[in-house]
Amino acid sequence: MSGVVESRLAELGLSLPEVVPPLASYQPAVVSGRYVFTSGQLPMVDGKLPVTGKVGAEVTAEEAKELARTCALNALAAVKSVVGDLDRVARVVKVVGFVASAADFTGQPGVVNGASELLGEVLGDKGVHARSAVGVAVLPLDAPVEVEMQVELTEA
C-alpha cells in the first residue's frame with residue numbers, strides 16, 4: 001500500500017527504484033534514533049550509470065542536474081528500505097551533493113538543485129533542508145554526481 005509520499009511521486013510520474021546495492025562495505029542507509037543517514041547515492045538507473053564523466057567537460061550542467069534528481073530518488077528509496085514508509089519522514093535535514101567537476105566548472109549549486117528541487121516537489125515543506133554542494137575531482141565509477149542526505153523521522 002502506498003502512502004501520501006508515494007502517491008505524490010506517482011502524481012509526478014515517478015516511482016521509487018529498487019535500492020542500489022552497495023558498491024563496497026557499507027549500508028545504503030542506517031537509522032540512528034529519529035534520524036536516517038543515507039550513504040552517497042549515485043544516479044544509477046537499472047543498475048547502471050546512464051552517463052559518466054566530469055560536469056563541465058563530458059557532461060553538461062543540465063544533464064548533471066537531472067542526474068542529481070535521480071540520486072535524490074535513489075536516496076528516498078534507501079530511506080524507505082530502512083523505515084518501511086516514507087510518510088514517516090518529518091523533514092529532510094541536510095543534503096550533501098558531490099559534483100565531479102572539470103577544473104573550471106563552478107556551477108555545483110545549480111547541479112545539486114536537481115536533488116533539492118525533487119525533494120521539495122515530493123515532500124513539500126518537509127523537503128526543505130540545509131545543503132552543501134561540493135566540487136570534487138572524481139566520484140566512484142566516474143559518476144558525475146553523488147548525493148547523500150539526513151532525514152528526521154516522526155515518532156514511530
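**Exercise 1. Find which residues have the most contacts inside the largest nonpolar core, and which element gives the most to it.**

Start with the core itself: a set of buried Ala, Val, Leu, Ile, Met, Phe, Trp, Tyr and Cys residues joined through side-chain atoms within 4.5 Å, where buried means under 20% relative accessible area, exposed over 50% and partly exposed in between (1.4 Å probe, protein chains only). This is a predicted model, so local features need pLDDT of at least 70 and side-chain atom pairs count only at pLDDT 80 or more, while totals for chains, interfaces and linings use all residues. Residues are numbered from 1 along each chain as its sequence is written, and side-chain values use heavy atoms, leaving out hydrogens and water.

Next, the count: the largest core has 38 residues, and Leu76, Val79, Leu119, Leu123, Val145, Met149 and Val151 have the most contacts inside it. Elements giving two or more residues include α1 (4-11), α3 (108-123) and β5 (145-153), but α2 gives the most, with twelve. (Helices, H or I, at least four residues, and strands, E, at least two, are DSSP runs numbered from the N terminus.)

**Exercise 2. Work out which helices the Glu6 and Arg69 salt bridges tie together.**

A salt bridge puts a side-chain nitrogen of Lys or Arg within 4 Å of a carboxyl oxygen of Asp or Glu. Take Glu6 and Lys80, with closest N and O atoms 2.6 Å apart. Glu6 sits in α1 and Lys80 in α2, so the pair ties together parts 74 residues apart in sequence.

Now Arg69 and Glu121, at 3.1 Å, N to O. Here α2 is tied to α3, across 52 residues of sequence. Arg69 is buried at 18%, whereas Glu121 is partly exposed at 30%.
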